[in-house]
Amino acid sequence: MVSRFPVDCRLRLAVLLGLMAIGGGGVGAQVSRLSQIELPDGFSISFFAEGVMGARSLAQSPAGTVFVGTRQADVVHALIDSDGDGTADERYRIASDLNSPNGVAFRNGSLYVAEISRILRYDDIENRLDSPPSPAVVTANLPSDRSHGWKFIRFGPDGRLYVPVGAPCNICDAGDPYASILRLAADGSYQIVARGVRNTVGFDWQPTTGRLWFTDNGRDWLGDDRPPDELNVLTSNRQHFGYPFCHGRDISDPEFGSLRSCSEFRPPARELGPHVAALGMRFYTGTMFPERYRGQIFIAEHGSWNRSQKIGYRVMVVRLGGGGQPIAYEEFATGWLQGQAEWGRPVDVMVRADGSLLVSDDEPGTIYRIVYDPGSEPEPDPEPDPDPDPDPDPDPDPEPDPPRPDGPCKPNAETLCLHGDRYEVRVEWWTGDGETGSALVATEATQDSGLFRFFDAENWEILVKVLDGCDVNGHYWVYGASTTDLGYVIRVADTATGDVKEYRNAPGHPAAAITDAKAFPDSCRR
C-alpha cells in the first residue's frame with residue numbers, strides 16, 4: 001500500500017501520528033522531551049520526521065531520499081525533504097506485511113530490503129514511490145530463525161551487499177552461516193567474511209582504509225556488568241571474533257570457553273558498555289561538525305533490556321588515534337533515559353550530505369536531526385586583566401622541561417610491542433605497481449618476534465624478530481623474513497628516546513632481509 005497526501009494533510013497527519021506515538025501530552029510534551037536531549041556545546045536537535053512507526057535502519061539515495069526499515073511494524077518507509085529545510089515533508093509507504101524488514105540499502109537506483117530469510121530488490125524506486133514495483137528476490141536462502149534474525153545490510157566499497165546472520169540463541173554453537181557476516185554476489189550466493197559475530201545490527205567502512213567496522217551485541221545472563229558489547233574491525237577475510245567461546249577481550253564463556261582459548265580469536269577494537277545494545281554505527285564523513293568529530297565513529301545504543309540498572313539509550317562517539325585505534329568512548333547525545341525510565345531508544349545513525357546526523361528511534365517512531373552551529377557555542381572566558389604594577393625586571397623564564405618520552409608502545413592491530421613495551425615495530429608494504437598497505441599483527445607474536453600478515457591477499461607474511469643486544473655488543477638486531485615478493489619496510493621506534501629506524505626490502509626480492517646495525521646506539525645507555 002502506498003500513502004501520498006497533499007502537503008498540508010501530510011503535515012497535519014505527521015503531527016497527529018507523532019503525538020500518538022509519544023503517548024499524548026500535547027505539543028508541549030514533545031518539546032519538553034526533545035529539550036531533555038543533552039548535546040555538546042554548539043549542537044542542537046530537532047525532528048526530521050515523526051510518526052514513522054517502528055523506525056529502525058536508515059539508508060539514503062544520492063538524491064537524498066531517506067529509506068527507513070522496521071523490525072516489528074513490518075513496513076518500509078521513504079522520506080523526502082523536498083524544500084531542504086531539514087524536515088521531511090513527503091513520506092511514502094514502500095512496502096507492508098513483510099517479515100521484519102529491518103535492513104535497507106540503496107544502490108544504482110534500487111532499494112534493497114532485508115527480511116529475516118530473504119533479500120528483496122525494488123528497482124527504479126525513486127521514480128515509483130507512488131506505486132512501488134513488485135520486488136525481485138535476490139535470495140530466499142537465508143536462515144528463517146527469528147532470534148537475532150532481523151538484519152542490517154549495506155553495500156561495501158567493493159559493490160557487494162554485506163548481510164549478517166545472527167546466532168539463533170543467546171549462547172550456542174550453531175555452525176555456519178550463523179554468527180557471521182556474509183558477502184553476497186549478484187546471484188544471491190555468498191561468502192563468509194567474518195565468524196564469531198553474535199549479532200551485529202550496524203557496520204560501516206572506514207573511508208581512509210576501506211576496512212569494515214561493526215558493532216556486536218554480547219550474550220546475556222552473565223551478570224549486569226559482563227560481557228561488554230563490542231566494536232570490531234575486520235582486517236582480513238574469515239577472521240573469527242570469538243563467539244560463543246570468548247566474549248570481549250578475555251571473558252571465557254562458562255559453557256563453551258573450555259573448547260577454545262580467547263587467544264585464538266581477534267579481540268574487539270574497543271569494548272563498549274555491558275548490555276548497552278550497540279546497534280547502528282557510522283564514520284562521520286561530513287564537514288558540518290567540528291574537526292574533532294570528523295572521521296570518528298558514532299554509535300546508537302538502543303539500551304539494556306534485562307539489566308537491573310538500565311544503561312545505554314544514547315548516542316556515543318568512539319574517537320580514533322593517529323594510528324587508527326580507538327582511544328576514547330564518550331557520550332554525545334543523552335537524555336532518552338531519565339533515571340530508570342526511558343522514552344526513546346536510538347537505533348541507527350546516518351550522515352546527510354549537508355553534514356547533519358540523523359538518528360532513528362523505534363520507540364516513539366521518530367527520526368531526529370542533529371546539527372552544529374558554531375555561533376551557538378558559549379564565548380570563552382575573557383583573558384584576565386594584567387597585574388596593575390608588574391615587576392619591571394622579572395626573572396627570566398626557566399628552561400623548559402625536556403620533552404617527555406612517548407611512553408610505552410601501545411599494541412594494536414598493526415603494531416607489535418617488544419621488550420617491556422619499549423620498542424614499537426610496524427610494517428608497511430608496497431608492490432611494483434606502487435600499491436601500498438599495512439600489515440596485521442598475527443597472534444604468533446612473542447616477546448621478541450612477531451608475524452605480520454597482509455589482508456589484501458593470501459599467504460603474504462613477514463616474520464620480524466627484534467633482539468636487544470645491549471648486553472652483548474651494543475647493537476640492536478632487526479630480522480625480517482618475507483615469503484613474498486612485495487617490497488616492505490620494517491619500522492622500529494624506541495619509545496624512550498624517540499629514535500626511529502627503517503629497514504627496507506625492494507619488490508622482487510623475496511629473500512630474507514637481515515640487518516645487524518647500530519640502530520639505536522643510545523638505547524643501551526640505560
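This report walks through a predicted model of a protein chain, from its overall make-up to a few chosen residues.

## The chain as a whole

Let's start with the broad view. The chain has 526 residues, and 52% of them count as buried. Its secondary structure consists of 2 helices and 39 strands, so-called runs that are numbered from the N terminus.

Contacts and surface fill in the picture. Take the contacts between residues at least 6 apart in sequence: 53% of these join residues at least 24 apart. The accessible surface comes to about 24200 Å², and carbon and sulfur atoms account for 48% of that area.

## A sheet of four strands

One open sheet has 4 strands in the order β14-β15-β16-β20, with antiparallel pairing. At its edges stand β14 (203-205) and β20 (270-274); each has a single partner strand, so one side of each is left without a neighbour in the sheet. From one strand to the next, the twist averages 20 degrees.

Inside this sheet, β15 and β16 are joined in the antiparallel sense over 5 bridges. To see one such link in the model, look for Thr-215, whose bridge partner in β16 is Leu-231. As a piece of background, strands of a sheet pair through backbone hydrogen bonds, either parallel or antiparallel.

## A sheet of five strands

Another open sheet has 5 strands, and here the pairing is mixed, with the order β10-β11-β12-β13-β17. The edge positions belong to β10 (154-155) and β17 (239-240); since each has a single partner strand, one side of each is left without a neighbour in the sheet.

Strand β12 (residues 180-184) and strand β13 (residues 190-195) pair in the antiparallel sense, over 5 bridges. Leu-184 can serve as a landmark here: Tyr-190 in β13 stands opposite this residue.

## Strand β21 and its partner

Strand β21 covers residues 278-283. How many of its residues are buried? The strand is mostly covered, with 6 of its 6 residues buried.

β21 runs antiparallel to strand β22 (residues 297-301), and 4 bridges join the two. Ala-278 has Glu-301 of β22 standing opposite.

## Aromatic rings

Now for the rings. Across the whole structure, a search finds 24 aromatic pairs. One of them is Phe-203 with Trp-205: the ring centres are 5.9 Å apart and the planes stand at 90 degrees, so the pair is edge-to-face. Phe-203 counts as buried because its relative accessibility is 0%, and Trp-205 is also buried, with a relative accessible area of 9%. Another pair is made by Trp-213 and Phe-283, with centres 5.9 Å apart and planes at 85 degrees, so this pair is edge-to-face too. It links distant parts of the chain, as Trp-213 belongs to strand β15 and Phe-283 to strand β21, 70 residues apart. Trp-213 is buried at 3% relative accessibility, and Phe-283 is buried with a relative accessible area of 2%.

Ring pairs also build a cluster, which links Phe-43, Tyr-284, Phe-289, Tyr-293, Phe-298, Phe-332 and Tyr-372. Tyr-293 has a further partner: Arg-319 lies over the face of this ring, 4.9 Å from the ring centre. Elsewhere, the charged end of Arg-260 sits over the ring of Phe-245, at 5.5 Å from its centre.

## Two residues to visit

Ala-114 lies in strand β7 (residues 110-114). Is this residue buried or exposed? With 0% relative accessibility, Ala-114 counts as buried. Leaving aside neighbours within four places in sequence, Ala-114 is in contact with Ser-100, Pro-101, Asn-102, Gly-103, Ile-119, Lys-151 and Ile-153. Gly-69 is 45 residues away in sequence, and the C-alpha atoms of Ala-114 and Gly-69 are 8.6 Å apart in space.

Asp-220 offers a stop in a loop, the one between β15 (212-216) and β16 (228-234). Although it sits in a loop, Asp-220 counts as buried, at 10% relative accessibility; the cut-off for buried is under 20%. Which residues is Asp-220 in contact with, leaving aside its neighbours within four places in sequence? They are Asn-170, Arg-198, His-275, Trp-305 and Asn-306.

Key: Residues numbered from 1 in each chain as written. Predicted model: local features only at pLDDT ≥ 70, side-chain atom pairs only at ≥ 80, totals over all residues. Heavy atoms only, no water. Buried < 20%, exposed > 50% of the residue type's maximum accessible area, 1.4 Å probe, protein only. Contact = heavy atoms within 4.5 Å. Phe/Tyr/Trp six-rings, centres within 6.5 Å; stacked < 30°, edge-to-face > 60°. Lys NZ or Arg CZ within 6 Å of the ring centre and 35° of its normal. Pairing = 2+ DSSP bridges. Axes fitted to C-alpha atoms, helices over the stretch in contact; angles between N-to-C directions. Areas by Shrake-Rupley, 256 points an atom, 1.4 Å probe, with all protein chains shown as cover.
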